[in-house]
Each structure stands twice: as structure tokens, then as C-alpha cells.
Amino acid sequence: MAEKVLEQLRIQLKDGLTEPVIKNLLDDLQNKRVLGNEEVEEILQKTKTRADQARDLIDGVRRKGTKASVIMFACLKDRDNCLYDNLKIGSHLAIPETGATCSPAPTPHSTTDEQNNMNVYKMDSNPRGLCVIINNENFVNYKKKRNGSQKDVDSLKALFEFLGFLVEVEKDKTADQIKELMTKYRNDAGHGDCFVCCVMSHGNETGVEGSDEKICPLNDITSPFDGVNCPALIGKPKVFFIQACRGREMQSKVVVTDDAGASPGNVSYSIASGSDFLIAQSTVEGYFSIRDPASGSWFIQSLCKHLKEGSELGQNILTILTNVNNDVSRKECTIKKNNDTVDAKMTPQQVSTLGQCLIFKAPKGQAAASKQKQTG
């Protein structure tokens, strides 16, 4: 019975469903009259966390029985095929081919095999691509030195070298120099299957701070790599990890009671110039980002841990970033703010225009060596 499978996979689905997928599923289920307007509005209440919305969606559908559960699984397959495959849902139940599927966006490929090949971005070039790490540690005002940021550089460099990327590290760049670097790297002849850029600095709502304490807008970092400015990366993922404050406020702490338990073809087609981007920022707009002078920033350290583990498991990057959100949002400490001691909390945020699943795959030799090291 499909509702039993939904119950069995409840925790994994709760952890794996991203906000965009939840909203898409709610639209699908409302259109198919599985859920009513009031039920959807209840699930989407602004006071609810992503995990709360996912839990209420799963439970609401499960209580409606087999047919509703089958429809949800079919819609999930269309909306997040990577999560569907990672949870091996197809092996748990057989979904009818008629009457229970949602309508996906049209694809330029006509055969089933070609469509399946389009589900995941190609990630087998050697090197995989270019990873640029920009670390602003020292500033005109020496008191603004970002102690601990070298820990983040070391962790990111080790991670992306493990994942088969060519890594370039740039240190203490002014706002104009950051823009110049983006022009330099967009014209790089070594682009493989993916471009990654990590920027670590101070910042505010509009962008990141150069070592000269001038702001470089986020758009000046990302736009050089869009389809118009960087043809070499058309149809390839462009990933940006930004570690910087986005305001002067500190996120407040709330207590959560968790009752969920432990736990390529020859067909030509066009895409929007802003497609295939993923921008993951360490905190939400308006708020501080937290860095430990001894161990590095909460976001970058969690990202490196979960991305290495997730790549070895074949997880989609959006699933990995959901785990990072969960990890970072549970951390806390106390800091001095305006001469007061306050509880320090934060949660990262992502914006994605990825059109396929992005799965970072370490070269076989790297993965084998890592496994041997863990068991040796």
C-alpha cells in the first residue's frame, strides 16, 4: 500500500524535500484535488519551517489513503527525480503509468533513455572543472581581520581537489579586483563540466566586501558566467558559495519540538541565460554570518563535511544543502553585540536555477583512496 511506503519513508522525505519542491508538490496535489485550498494554506503558513511543511504535507497525503499517496509519489518523480531515485521509491511500489502523473515541462529529447540522461548534469571531465576560492582575510582596517578564515580555505581546497577540480586560491582582493577576477575566470580555457566559486569576506545586503572595504555586488560576481557572457559554460552548472554577513541583525532562537523520530543528444534547443546557477549563501538577508576564529565558519565547515559525505553517497546538491541548513540552524553560541551578550543563531539560504540534478562525483581513484583511508 502506497500510504505505508509514505509512512516508512517519512523521515527521509522530510529531510530531503526542499522548499521549491514542496511548493510544486502542493500545486500539483491541489490541481489533482488531493488537497484543498485550506489544507494547502495551512501547510504553507509563514511561521512553519521547511521541515514542518514537509511533515504536514506527507502526513496530510498519507491520511487520505492509497490513491492520494500514489499521486504524490508520481508527482515527486517528476519534480525531484534525484530524491525519488535516492530513496529507491520505484522499488517499493509500482506507480501506474496513466492517471497518476503530473505534467512536466517539455523536454527537447524524445526517447526515454535520452530523458533519463538529461536528469543529471555530466560530471566526468578531467579535471571536473575549475574551483576559484576568494578569501578576504585582511582589510584596510586591521581590526576587521577575519581570523579563522584560513581554516575554511584549507577545507574547501581539500574538498574540491578530492572532487577532481582544479583549485585556484585568491587572497585579499579589493572590490574592483574581485570583478576583474570574474572576467579573467569566465574566459578561462580550462572549464570542464562545472564552475565553482567560493567567496569569503565581510558583506552586507547588497554584496561582499573587498579588502578595500568597498562592496562588490553579488551580481558582479555571478553575471560574468551567464549564457551571454560565458558561452563555454552554457548548459553547465555554475555554483557559488558565499560566506559573508548580509546585515547587522542576529537571528533569534526558537525551541522546536521534533516528534518525527531520529534520525547528450544532437537536438538543439534554447535556455534562459540565467539557467544552471546555484547560489548558496551562509545566511539570510539582513543577518549576521557566524565564524569561529579557531575552527572556521559554521557554513563552510558544514558544507565541506556534508558535500564530501553526500558526494560519496551520490546525493543531489540540493539534498546536501538541505542537510547543511539543518546542521547550521541547530548550532548556537553567545557573542557580544552592542555591549550585550546575545544568543547567536543562523541559517543558510540557497537560490537555484539548476535544470537537472547536480551530483558531485569524485574521480574513482580519489574515492577509492578515501574509502581505504577510512577503513585502514
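This is a short walk along two helices, H3 and H13, in a predicted model.

Let us begin with H3, which runs over residues 19-31. Its 13 residues carry the chain 18 Å from the first C-alpha to the last, close to the 18 Å expected at 1.5 Å a residue. Which residues of H3 are buried? They are Val 21, Ile 22, Leu 25, Leu 26, Asp 28 and Leu 29. Looking down the helix axis, you will find these buried residues within an arc of 165°, so they line one face of H3. A general rule helps here: an α-helix has 3.6 residues a turn, so residues three or four places apart point the same way.

Now turn to the surroundings of H3. Among the elements covering its buried residues are helix H4 (37-43), helix H5 (50-62) and helix H6 (66-79). On the face turned away from the buried side, you can find the exposed residues Pro 20 and Asn 31. After the helix comes Arg 33, with a positive phi near 60°.

Asp 28 deserves a pause. This residue of H3 has a relative accessibility of 8%, and because buried means under 20%, Asp 28 counts as buried. What does the side chain of Asp 28 contact? It makes a polar contact with the side chain of Arg 79, at 2.8 Å.

Further along the chain is H13, residues 298-313. With 16 residues at 1.5 Å each, H13 should span 22 Å, and its end C-alpha atoms lie 23 Å apart, which agrees. Its buried residues include Trp 298, Phe 299, Cys 304 and His 306. Just after H13, Gly 314 takes a positive phi of about 75°.

Terms used: Residues are numbered from 1 along each chain as its sequence is written. This is a predicted model: local features need pLDDT of at least 70, side-chain atom pairs count only at pLDDT 80 or more; totals for chains, interfaces and linings use all residues. Side-chain values use heavy atoms; hydrogens and water are left out. Helices (H or I, at least four residues) and strands (E, at least two) are DSSP runs, numbered from the N terminus. The expected span of a helix is 1.5 Å times one less than its number of residues. Buried means under 20% relative accessible area, exposed over 50%, partly exposed in between (1.4 Å probe, protein chains only). The arc is that of the directions from the helix axis to the C-beta atoms. Contact means heavy atoms within 4.5 Å. A polar contact is a pair of N or O atoms within 3.5 Å; within protein, one must be able to donate a hydrogen and the other to accept it, and residues adjacent in sequence count only if both atoms are side-chain atoms.
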